[in-house]
Amino acid sequence: MAVQFLHRWLAVVVVVGALVEAARLYRAGARPHALALKVAVVAQFLLGVFTLVYAVPVALGFAHQAGAVVLLVVTVVAAHWSMGGARGTAGQRREAAR
């Protein structure tokens, strides 16, 4: 029971943190990343709520697990962008070196 309680509170912390970060990304000019992060975190939160409401059916449980993977990928991509990302493609670096 304690694990479920902790999971729910951590979900709230993750949602708030992700929405704050999405706002920062939006202001920094990464609108697609901000939108993807907002959509992914809200969808994951709603999947978690519906999974509980409907007593953990397998399909919703699976969707919630898959949503966690999607949210992780979106977060990593957004973090990569915010840290400068790849500073250009290999072709662009070769052209710049000439």
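A residue counts as buried when its relative accessible area is under 20%. With that cut-off in hand, the tour of this predicted model may begin at a single side chain.

Select Val-15, which lies in helix H1, residues 2–27. Its relative accessible area is 16%, so Val-15 is buried. Next, display the neighbours of Val-15: beyond residues up to four places away in sequence, it touches Val-41 and Phe-45. Phe-45 is 30 residues from Val-15 along the chain, yet the C-alpha atoms of the two are separated by 7.4 Å.

Now extend the selection to the whole of H1 and add helix H3, residues 58–82. The two axes come within 12 Å and cross at roughly 35 degrees, and the crossing is left-handed. On the H1 side, select His-7, Val-14 and Leu-25; their partners in H3 are His-64, Leu-71, Ala-78, Trp-81 and Ser-82. Colouring this contact by class gives five nonpolar residues, three polar ones and no charged ones.

Keep H3 and replace H1 with helix H2, residues 31–53. Here the axes come within 9 Å and cross at roughly 160 degrees; H2 and H3 are therefore roughly antiparallel to each other. This crossing, too, is left-handed. Among the H2 residues in the contact are Ala-36, Val-41, Leu-47 and Phe-50, and H3 contributes residues including Leu-60, Gly-67, Val-74 and Trp-81. By class, the contact of H2 with H3 comprises 14 nonpolar, eight polar and no charged residues.

Finally, select Val-41 once more: this H2 residue belongs to the contact with H3 and also touches Val-15.

Methods
Residues numbered from 1 in each chain as written. Predicted model: local features only at pLDDT ≥ 70, side-chain atom pairs only at ≥ 80, totals over all residues. Heavy atoms only, no water. Helix = DSSP H or I, 4+ residues; strand = E, 2+ residues; numbered from the N terminus. Buried < 20%, exposed > 50% of the residue type's maximum accessible area, 1.4 Å probe, protein only. Contact = heavy atoms within 4.5 Å. Axes fitted to C-alpha atoms, helices over the stretch in contact; angles between N-to-C directions. Left-handed = near helix turned anticlockwise from the far one by under 90°. Nonpolar A, V, L, I, M, F, W, Y, C, P; charged D, E, K, R; others polar. Parallel < 35°, antiparallel > 145°, perpendicular 65-115°, else oblique.
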